Amino acid sequence: MSILTVENMSHGFGDRIIFNNVSFKLLKGEHIGIVGANGEGKSTFMNLITNKIIQDSGKIEWSSKVSIGYMDQHTHLKEGMSIRDVLKEAFKDWFELEEKLNSLYNDICNMNEYEINKALEKSVIMQDTLDNNGFYTIDSKIEAVALGLGLREVGLEKDVSKLSGGQRTKVLLAKLLLEKPDILLLDEPTNYLDIEHIEWLKKYLQVYENAFILISHDLEFLNEVVNIVCHIENKSITRYVGDHKNFLKVYEANKIQQRAAYVKQQQEISRLEEYVAKNISRASTSAMAKSRQKRLDKMERIEVLKSIPKPYFDFKEAKSSGRVLFEARDLIIGYEKALTKPLNFTMERGKKIAIIGSNGIGKTTLLKSLIGIMKPISGNLEIGENQAIGYFEQEIKKENNNTSLEEVWNEFYKCTKFEIRSMLAKCGLTQEHIDSKVNVLSGGEQAKIRLCKLINRPTNILILDEPTNHLDADAKYALKKALKNYQGSILLVCHEPEFYKDIVDEVIDCERWVLNNKKNLIG
C-alpha cells in the first residue's frame, strides 16, 4: 500500500530547476534514506511533501488514513511550559478522552437507569481504548525517551523557553517519537545529538514498525537504519533497495556501465555521421546515407552526468600569535545564571583541542566568551597577543537576501568578480549556487559560503562551533584534510569523533565543568 505518491513533480527557484518530472513512492513499513550532495534538493523535497512549499507541477498525494509526524524546527514552545508538559502533548488525544470519561462518571448520578446503562457501555469502550493505547504507562514512556535523548539530564521540569537550540531540538524529536505517527519525516535528526543519544536513536529506528523518511549526512547512522535509499542527483530521484553501502556499490557499477555505453554510442554516432557526410550528396549512396541519418535522429542519446564539483579548503595563515592564547582564572560563564563552576585553564599556541559534551552545558557560551562576543559572569580572562581569530558560528538565523556572490564580495570588496567566483567555486559551489540568493540555498551550501569567507581571511587561531552540521561527505573530508594541515591553533566544538579524532591532540569534556553535574565528572 502506497502511503505517499509523487508523480511527475517539477519544482525550482527562479531559473534554478531543483526537480524535473520526478516520481516517488513510499510504501508501508519502508525505512527510506534520502541522500545526495549539498544543494541537490533533499530538504526541498521534505518541504514539498509537507506542503511547506508548493510544487510547480505534478502531483503529491498522501493516503487519507495516515498520520504524519514532521519535526519542524520553527515550532513555538510556549514560555512557562516544562519539558514534561511538551512531551505530554504527544498524548493529547488520550488525555482528552480521559477527561470525557471522568466527566461521564460524574454525570451518572443525574441519569435514569436507561441512561446509566448506555453511559456504562460507552465508558467500557473508552476505558478499553485508554488501556489498549498504554495510557497508564505514559509517564514511563516519557521517561524512557527522555533518558534515551539526554533530556533527563537537562531536567524534565525545566522551562522550555530556557533551553539551548540543541536541547530544544531534542524536545521536538522526543515529542515526535512519542506520538508514533504512521510515518516519521526526519531531517538531520542527529545534528544536535551526542554519541550515546545517536546510538539510542539508531536502535529505536531499527525496530520502528512504521515507515520513515530520513535525511542525514551521518552516513554510518543512515546505513544502520534504512532499507531503501533514494538518491537525488541531476534533478531526479533514483530508488535503490538495500542499505547505503549497497547503494554505493550499485551506483558506482551503474556509472561504469553508463560510461561504457556512452563511449560505445559516441563511437557509433561518429561512424554514422562520417558516413552521412561522405555519402549524402552522391546519387548512388544518398538513400543509404538518409537511412543512417534517420537512425541518428531517432537514437536516444545517452547522457553522462556532469560530476559535482568537490570542495577544496585551504586556510590562509597569519603570522604566529603569542605563546599563550587564553588564560582563565576562576572564570564563570553563562547568560543570566552561571552555567559552570569556576574554570581555570590555559591554551597555548599550536594546540588543537576538541570540546565535547551534552547540549546546553556551555560549549558555545565558552567560545563566545573567549572571543569577546559574550561577557563572563565573573573571573579573569587574559587574551594573548597577535591573535588573528577565524570564528565559525554554529547557526546564523538572520534572513539573508544577498546572492552568494554578493555575500562574499561584501567582505572581500577589493577582489574582482572573477576572483570571488573562483573562491566560491573552489568551495564546491556551482555557477547556479553562486548566482542564487543565500536564503534559498541548503544548509550545506550556506555553510560552504561561510567557510569560503573563513579560509580566505588570514588566521592563526580557528574557533569552530559544529562546522560539520549540514556538510555532505565530500565537504567533511575536505574540511578535515584542511584542518589537519593547518599550522595554527584550533578550538573545535564537534559531536562527531570520526571527524575530530585525527585533527586534535586534546579532547576536553565540558561535563566536568557543569554546575550540579549528575555524572560527577569533576576535574
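**Exercise 1.** What should the 12 residues of helix α8 (residues 195–206) span at 1.5 Å a residue, and how far apart are its end C-alpha atoms?

*Solution.* We are working with a predicted model. Start with the expected value: at 1.5 Å a residue, α8 should span 16 Å. Next, check the ends: the end C-alpha atoms of α8 are 17 Å apart, which agrees with that expectation.

**Exercise 2.** Find which residues of α8 are buried, then work out how they are arranged around the axis.

*Solution.* First, list them: His-197, Ile-198, Leu-201, Lys-202, Tyr-204 and Leu-205 are the buried residues of α8. They take up an arc of only 165° around the axis, so they sit on the same side of α8. A general rule helps here: an α-helix has 3.6 residues a turn, so residues three or four places apart point the same way. Now turn to the other side of α8, where Ile-195 and Lys-203 are exposed. Finally, look for the cover: the elements over the buried residues of α8 include β3 (31–35), α5 (138–148), α7 (165–179), β6 (183–187), β7 (211–215) and α9 (219–225).

**Exercise 3.** Locate the largest nonpolar core and explain why it lies between two domains.

*Solution.* This core has 51 residues, and Leu-87 and Leu-205 have the most contacts inside it. Helix α7 gives the largest share, seven residues. Because domain 1 (1–67 + 181–242) and domain 2 (79–178) both contribute residues, the core lies between them. For a closer look at Leu-87, set aside its neighbours within four places in sequence: its contacts are Ile-142, Leu-151, Leu-156, Val-171, Ala-174, Lys-175 and Leu-178. Another core, of 37 residues, lies apart from this one, and includes Ile-449, Leu-462, Ala-482 and Cys-494.

Terms used
Residues numbered from 1 in each chain as written. Predicted model: local features only at pLDDT ≥ 70, side-chain atom pairs only at ≥ 80, totals over all residues. Heavy atoms only, no water. Helix = DSSP H or I, 4+ residues; strand = E, 2+ residues; numbered from the N terminus. Expected span 1.5 Å × (residues − 1). Buried < 20%, exposed > 50% of the residue type's maximum accessible area, 1.4 Å probe, protein only. Arc of directions from axis to C-beta. Contact = heavy atoms within 4.5 Å. Core = buried A, V, L, I, M, F, W, Y, C linked by side-chain atoms within 4.5 Å. Domains from an automatic or database assignment.
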